[in-house]
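Below is a walk through one structure, taken a helix pair or a residue at a time. Please keep the sequence and the model open while reading.

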Amino acid sequence: MLTLAATLLISIAIGVPVSYAIAISGTCYLLFESALPVLIIAQRMVVGVDSFTLLAIPLFVLAGSLMAEGEITPKIMRFASSLVGHIRGGMAMVMVVSCMFFGAISGSGVADVVAIGSIMLPAMKEQKYRPAFSASLLGCAGSLGTIIPPSIVMVVLGVTMGTSIGKLFMAGFIPGIMAGGSLMAISYYFSRKEDYPKLPRADWKERWEAFKGAFLPLVTPGIIIVGILEGIFTATEAGAVAALYALVLSKYVYHKITWKRFFTICLETAKTSAVILFIIAAASLFGWILTAEDIPQKLAAAILSISDNYWMILLFFNILLLILGTFMETTAIILIIIPIFMPIMQRIGVDPIHLGVMVCVNMAIGANTPPLGVDLMTACKVADIPYEDSFRYIFAFIGAMTLILILIIAFPALSTYIPNLVVSGVE
């Protein structure tokens, strides 16, 4: 196993993309430490993505892209502004709430950052918000798309853990709202400290008009969750329904896309999905090797021999995820770490749904933690500022999200209450 581990670590250290590093390490192991034919490489990678459930990934990516293309973002932001714009630092509050709403449509943190940031950042700059503050908040608020359903990360988790994606979707509501609330609290603190303005208070008529404009897009998560709960369609089929609904809105209701543009969006979706699915395929080979060598069981025995304390193991697991999240891609972390730790979590009695939510919140934090922080990097690019400028504010926002993570670890009911409440209706 030395070849497997050494090749993976060296590849990542010299800057090889994580997906290629995983595939290269598995290939080197089979070439130099195994008598198995190299044909197994192609076989395991194909088997890894030969899953009906994984179809949900390109479908949700397509739905989010169509929603963004249909100029639905301004409608969502107008509604968010009518709700929270009158609070000190109104534009910052609107950014967080808009990201929460849009995250419930796109399922992707990066999509949130780009869609909301391209409109909000210029407006915030006009109102004298510091670009570093705006970019830091955008990165963290955008990452809420990882927690709030329907989340692409939750789809990958559900497949990896063999648990209900529908339950994971429902489990994300309370933690997602809590994380959004924590970001708003930190934004309020900085807004008072740096004297950021608030927007005029909307009256009830303006709120009603804004709600009517945003109603159809905001119905999307409701269709998905209710459809899954009532057994009308599976989580994968929900992605197809969401994509069809987004197409109808963008093409026939708002008249914002042509068929030519639709096929371009499909091509872009295929490219994005191919990247995610290649990581899954490479990790499938890697995971198969680990399983063949009984690495998860051996590691579980080793960790439990040191301590079988429930809280110590959860602390170690979450610290490991936080560290890996600073320099590794989310999907790769899930596909490598979860199969290793699942036997341990089962031994100490961790609910799979609780585990999944912990992972999602960890990934949202990691997506904004230097040195990688893909959501934060994207936000800084949209804001056109140096990455390091965001460091002045980002750690306050990360600290707030970490506090929410601690609460979720300490009180599992925050993530399991809603799924358990409707468990009879979820498949």
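In this predicted model, helix H18, residues 352-366, packs against helix H20, residues 391-410: their axes come within 10 Å and cross at roughly 170°. Angles over 145 degrees count as roughly antiparallel, and H18 and H20 are therefore roughly antiparallel to each other. On the H18 side the contact is made by His354, Val357, Met358, Val361, Asn362, Ala364 and Ile365. H20 contributes Ile398, Met401, Thr402, Leu405, Ile408 and Ile409. By type, the residues of this contact of H18 with H20 are ten nonpolar, three polar and no charged. The spacing of such contact residues can be read with one rule in mind: an α-helix has 3.6 residues a turn, so residues three or four places apart point the same way.

Ser390 sits in the loop between helix H19, residues 374-383, and H20. Is Ser390 buried or exposed? Its relative accessible area is 0%, so Ser390 is buried. A polar atom of the Ser390 side chain lies 2.7 Å from the backbone oxygen of Tyr387. Apart from neighbours within four places in sequence, Ser390 is in contact with Ala132, Ser136, Leu376 and Cys380.

A second helix pair is formed by H16, residues 310-324, and H17, residues 330-348. Two packed helices are described by the angle between their axes and the distance between the axes. For H16 and H17 the angle is about 175° and the axes are 11 Å apart. H16 and H17 are therefore roughly antiparallel to each other. From H16 the contact takes Tyr310, Ile313, Leu314, Phe316, Phe317, Leu320, Leu321 and Leu324. From H17 it takes Ile333, Ile337, Ile338, Phe341, Ile344, Met345 and Ile348. The residues of the contact of H16 with H17 divide into 15 nonpolar, no polar and no charged.

Ile336 also belongs to H17. With a relative accessible area of 9%, Ile336 falls under the 20% cut-off and is therefore buried. Once neighbours within four places in sequence are left aside, Ile336 is in contact with Ile22, Phe286 and Met328. Ile336 and Phe169 are 167 residues apart in sequence, and their C-alpha atoms are 22 Å apart in space.

Helix H14 covers residues 259-292 and allows a check on its length. At 1.5 Å a residue, its 34 residues should span 50 Å. The C-alpha atoms at the two ends of H14 are 48 Å apart, which agrees. After H14 comes Asp294, whose phi is positive, near 60°.

Leu216 has its place in helix H12, residues 204-229. Its relative accessibility is 31%, so Leu216 counts as partly exposed. Not counting residues up to four places away in sequence, Leu216 touches Tyr245, Leu249, Val253 and Tyr254. Leu216 and Ile72 are 144 residues apart in sequence, yet 9.4 Å apart in space from C-alpha to C-alpha.

The last stop is helix H1, residues 2-13, where Thr7 is found. Thr7 has a relative accessibility of 17% and therefore counts as buried. Leaving aside neighbours within four places in sequence, Thr7 is in contact with Ile24, Ser25 and Cys28.

Notes
Residues numbered from 1 in each chain as written. Predicted model: local features only at pLDDT ≥ 70, side-chain atom pairs only at ≥ 80, totals over all residues. Heavy atoms only, no water. Axes fitted to C-alpha atoms, helices over the stretch in contact; angles between N-to-C directions. Helix = DSSP H or I, 4+ residues; strand = E, 2+ residues; numbered from the N terminus. Parallel < 35°, antiparallel > 145°, perpendicular 65-115°, else oblique. Contact = heavy atoms within 4.5 Å. Nonpolar A, V, L, I, M, F, W, Y, C, P; charged D, E, K, R; others polar. Expected span 1.5 Å × (residues − 1). Buried < 20%, exposed > 50% of the residue type's maximum accessible area, 1.4 Å probe, protein only. Polar contact = N/O pair within 3.5 Å; in protein donor to acceptor, adjacent residues only side chain to side chain.
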